[in-house]
Amino acid sequence: MASNQAPEHPKSSQETESLVRRLAGPSVGKAGLAKDQTEINRIITDASKGSKFYENEKKKDKELTVRIEKILKQRDEALKGADISKIEASVDQLISQIETQRDLSQIIVHVDMDAFYANVELLDNPNLKDKPFAVGKGVLTTASYEARKYGVRSGMAGFIAKKLCPDLIFMPNRFSRYSEMSGKVMEIFHRYDPDMCPAGCDEGYLNITTYCEEHLLTAEECVQQMRETVFQETKLTVSAGIAPNKYITFVQNKPNGQFQLPFDAEAIKDFMRELSIRKVPGIGRVNERLLETIGIKTCGDIHTQRAVISLMDKQFGLVFLLRTYLGIASNIVQAHRREERKSIGAERTFSALGDLEKILDKLKEVAAELEKDMEETGWVGRTVTLKFKLDTYQVFTRAKSLDHWVSKKEELFAIGKELLLPETPLKIRLIGLRVTKLKDLRDTGSSGIKRFFESSANDASRKKAKLEHVQDEMDDAMPGFHENEEADYGMEDGDQEDDIIEILDVKEGRAEAQSPVKPARRPPHSTINAEASSSKLPPPARPRSQSESAPKTPKPASSKTSAQVESQECPICGKTLQTDNQGLNAHIDFCLSRGAIREAQVEATKASKEPSTFKGWQKPVSLKKPDSKQSKPRSSSGKGKPPSSSKRR
């Protein structure tokens, strides 16, 4: 069928459009940027050529091209002899089933501060009004709307921004000030939804259904009132999107505007049909290019290519894409629970350093910052992970699990140093520490072995329910194609990294806020591979002789993917497991944490049988969105009834 004809196989040349788009960065869709960015992208490409960043991006683009070639071959094989009409009919039945999950009863709002860091700077320095300026220098955290007209945006190198806008003014980051203003804004949002879910220091999700009913307001009136309150109390502007669920609350009218998607199934589907696939949460630059190769550029194309997607469900995730096409997603909004937290960390980005003493000085700063955060928020942990980024932009991690709790800067630094020294000499531009296997010092509940096993059983039960739920109904990402940007910590309005200081305690949920800026995508649950990075965890390095001095690149681990199931032996207990790498890591974590069980046994002064080996699950999944069946809507009235947008209730 003509509808299933895909574009030609990608060119192998590295002077490709995809490379140019990659070099442009992830923030090309930001409000205030020129619609035609051809000339801007040319300047960025020319300015980047010859740099290590350019070479790294070129390498990644080439790897993705090879990956796409493989996928297209799989598609061609799958289409041979396939009965397209029969497959489409089967998918149409699935679409009808998914449609029954649509819930229009809740009013969900996505609020997003306008150029937050820039507007805070403008608030404190009115002389910047109508001038192009950016916050940050080495890497920009945001840019004023005047600067965006020139193509300047978050995640961009300062020297490239200067080429685009010679008159650009650079302002230093003032994270404590941004944190202060963020607190004021979030307090206002909580008035409208006490259980609102922050998605960073400058944005979040609210369910205002109850507030609207109690105050006899329409959705539009309520959001307008909320935005006006923010401006009156902070002099900052906020934009908002209103819809029946979280993932279609698109903020269309930025800056300082609001947009409501009609609470009508057909209107939602019409809106989604023309929406660019890139605007869908969870689809970044990599997934965008993968989808484009099979002819999907808009959400409407998902329906056109539904037979191909069905044949390649394993690669693209049929249910996730069909839900995207229909505009159906979770409408459950709740604050991140403290007990859900998996890790705490801090890191620093800087100009490339090769001097070991200077690198260790940076590591000391990170350790001190991490100790401060752990003390203030009440956590200790047992696994410490070191992360470092080379001057070639490759990212590596090393981890060590301990038999005792750790939180003090001296020990954090010592462990980080121990993990780093075998890899030296190196030239790096980022270093960070993360602690996992956490213990909550604020948990005053019952103690002892009974509590330990009750908690474990409850956690296992919840995980099983969530896992079955996500696999069967609530797929929220393309399987195997999770975006894996180098930056684990996002910017205020982008996805690149800058000086990371963990200030806000807005963590876990859909993402963990690891800085006073937009939070990172959820990291893997394995605490051995505790950091998402552009390279897999390299193996431990051998001891280095003093005669060796040239910087080296750590070797990556095996090229086998974490989804491959095979016989693997645990290096701790020696048991042979039939599982993938993620399951093996989870089992290793369990073995390493047996000391916790022994401590609990001593504390309770009674014995207990050792729990069975945890094998992990076969396929990494995201557990972000609970099923609406598992959580009751906030409002018991008006079930299935769309909220009014034109008159009071």
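A charge is said to sit over a ring if NZ of Lys or CZ of Arg is within 6 Å of the ring centre and within 35 degrees of the ring normal. Keep that in mind as we walk through this predicted model, because two places in it fit that description. In one of them, the charged end of Arg148 sits over the ring of Tyr145, at 4.5 Å from the ring centre. In the other, Trp405 provides the ring and Arg382 the charged end, with 4.0 Å between that end and the centre of the ring.

Let us step back for a view of the whole chain. The protein chain has 649 residues, and 52% of them count as buried. Its secondary structure comes to 21 helices and 16 strands. If you take the contacts between residues at least 6 apart in sequence, 72% join residues that are at least 24 apart.

Now to the aromatic rings. A pair of such rings is described by the distance of the centres and the angle of the planes. Searching the whole structure turns up eight aromatic pairs. One of them joins Phe116 and Tyr117: the ring centres are 6.0 Å apart and the planes stand at 50°, so this pair is tilted. Phe116 is buried, with a relative accessible area of 1%, and Tyr117 is buried too, its value being 0%.

Tyr117 also pairs with Tyr178. Here the centres are 4.0 Å apart and the planes lie at 15°, which is under the 30 degrees needed, so the pair is stacked. Tyr178 is buried, just as Tyr117 is. To find the two partners, look for Tyr117 in helix α5 (residues 116–124) and for Tyr178 in helix α8 (residues 175–192); the pair therefore ties together parts that are 61 residues apart in sequence. Ring pairs link both tyrosines with Phe116 and Phe175 into a cluster.

Our last stop is a meeting of two helices. Two packed helices are described by the angle between their axes and the distance between the axes. The helices here are α1 (residues 17–24) and α12 (residues 285–292), whose axes come within 11 Å and cross at roughly 155°. Because an angle over 145 degrees counts as roughly antiparallel, α1 is roughly antiparallel to α12. Which residues make the contact? From α1 they are Ser18, Arg21 and Arg22, while α12 supplies Arg285, Val286, Glu288, Arg289 and Glu292. As for its handedness, the crossing of α1 and α12 is right-handed.

Terms used: Residues are numbered from 1 along each chain as its sequence is written. This is a predicted model: local features need pLDDT of at least 70, side-chain atom pairs count only at pLDDT 80 or more; totals for chains, interfaces and linings use all residues. Side-chain values use heavy atoms; hydrogens and water are left out. Rings of Phe, Tyr and Trp (its six-membered ring) pair if their centres lie within 6.5 Å; planes under 30 degrees apart count as stacked, over 60 as edge-to-face and the rest as tilted. Buried means under 20% relative accessible area, exposed over 50%, partly exposed in between (1.4 Å probe, protein chains only). Helices (H or I, at least four residues) and strands (E, at least two) are DSSP runs, numbered from the N terminus. Axes are lines fitted to C-alpha atoms, for helices over the stretch in contact, and angles run from 0 to 180 degrees between N-to-C directions. Angles under 35 degrees count as roughly parallel, over 145 as roughly antiparallel, 65 to 115 as roughly perpendicular and the rest as oblique. A crossing is left-handed if the near helix is turned anticlockwise from the far one by less than a right angle, and right-handed if clockwise. Contact means heavy atoms within 4.5 Å.
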